[in-house]
Amino acid sequence: MVSTALDAAAKGYRQKGEALAKEIGASLKKPADLSAIDPAWEAFLTAYHALDDFGASSEEVELIRREYMDTVEWYQLVRTSLHEAAHSVVAHLVGLGIVRSTVVPDEHGRGRTVIVDYDPAEDGSLPYWARRYAVFAVAGFSGETLLAPRGPSPGADEDFKRALLYLARAGLDAKAEMPDLQKLAVELVLGAKPAVFGVARTLLADRQIERAMVLNILAGQLEMCALDQLEERRRELDR
């Protein structure tokens, strides 16, 4: 009886896992449908955690659990790709020199976006640069919310802390500055959403993207008028 129950459960869980994978793949090919991922993900989690009802020591349950870890990792990769894509796109929009973005895990975390170091001769005053850096830093979480409006990832928490640190080092009132900077980050990510999706798809395929490709995607995905509007919002940092 136990074996029969496990077989039935395994079939149902596999079907949910396959459906989730199809939802993710379809949504990434059609960004307008990206919101469909989250309901499927919640259904997947419900099925996944229900495995405990059958006893974690069962070999059959452990087999199913291992299969589902691949789906969990894929979802995390999608989330990380959107996080880093938002970093890279917003870095360019606020005038920071992007070097590359990667979703290859290392000692820093699941992904990383590298920008050019601060240079007073190129970047202007430290407060001005720090505001731009803060917008770039918190943009990663805005990218994650394109997938699902849930709490920030550990990486997003670290980004927020770094943004506060750089603002404080520049002699600014970090807590007073952050609400407007976070709002600007959200607006830039939403305004450049087609480009963020384009960069995310490249990261999913290649695991890394260089500056030149980011700029190509921006040019291809956004009309000049949209870029002008985003640039107008960005100029608010020039205070």
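Colleague: How many helices and strands does the secondary structure of the chain come to?
Modeller: Helices (H or I, at least four residues) and strands (E, at least two) are DSSP runs, numbered from the N terminus. Please keep in mind that this is a predicted model, where local features need pLDDT of at least 70, side-chain atom pairs count only at pLDDT 80 or more, and totals for chains, interfaces and linings use all residues. Residues are numbered from 1 along each chain as its sequence is written, and side-chain values use heavy atoms, with hydrogens and water left out. From the N terminus on, the elements run α-α-α-β-β-α-α-α-α-α-β-α-α, which comes to 10 helices and three strands.

Colleague: Nice! In what order do the strands form the open sheet?
Modeller: Two strands pair if DSSP finds at least two bridges between them. The edge strands, each pairing on one side only, are β2 (112–115) and β3 (208–210). The pairing is antiparallel, and the order is β2-β1-β3.

Colleague: Which residue in β2 stands opposite T102?
Modeller: Strand β1 covers residues 98–102, and four bridges join β1 to β2. Along this pair, R100 stands opposite V114. The residue opposite T102 is R112.

Colleague: Which residues of β2 point to one face and are buried?
Modeller: Buried means under 20% relative accessible area, exposed over 50%, and partly exposed in between (1.4 Å probe, protein chains only). The side chains of β2 alternate, and R112 and V114 point to the other face and are not buried. The buried ones are T113 and I115.

Colleague: Which helix packs on the sheet?
Modeller: Contact means heavy atoms within 4.5 Å. Axes are lines fitted to C-alpha atoms, for helices over the stretch in contact, and angles run from 0 to 180 degrees between N-to-C directions. The helix touches β1 and β3, and its direction makes about 80° with that of β3. It spans residues 211–221 and is α9.

Colleague: How far does helix α7 reach from its first C-alpha to its last?
Modeller: Helix α7 (residues 174–191) has 18 residues. The expected span of a helix is 1.5 Å times one less than its number of residues, and for α7 that is 26 Å. The buried residues of α7 include M178, L181 and L188. Close to the expected span, α7 reaches 25 Å.

Colleague: And what percentage of the chain counts as buried?
Modeller: The chain has 239 residues. The share that counts as buried is 44%.
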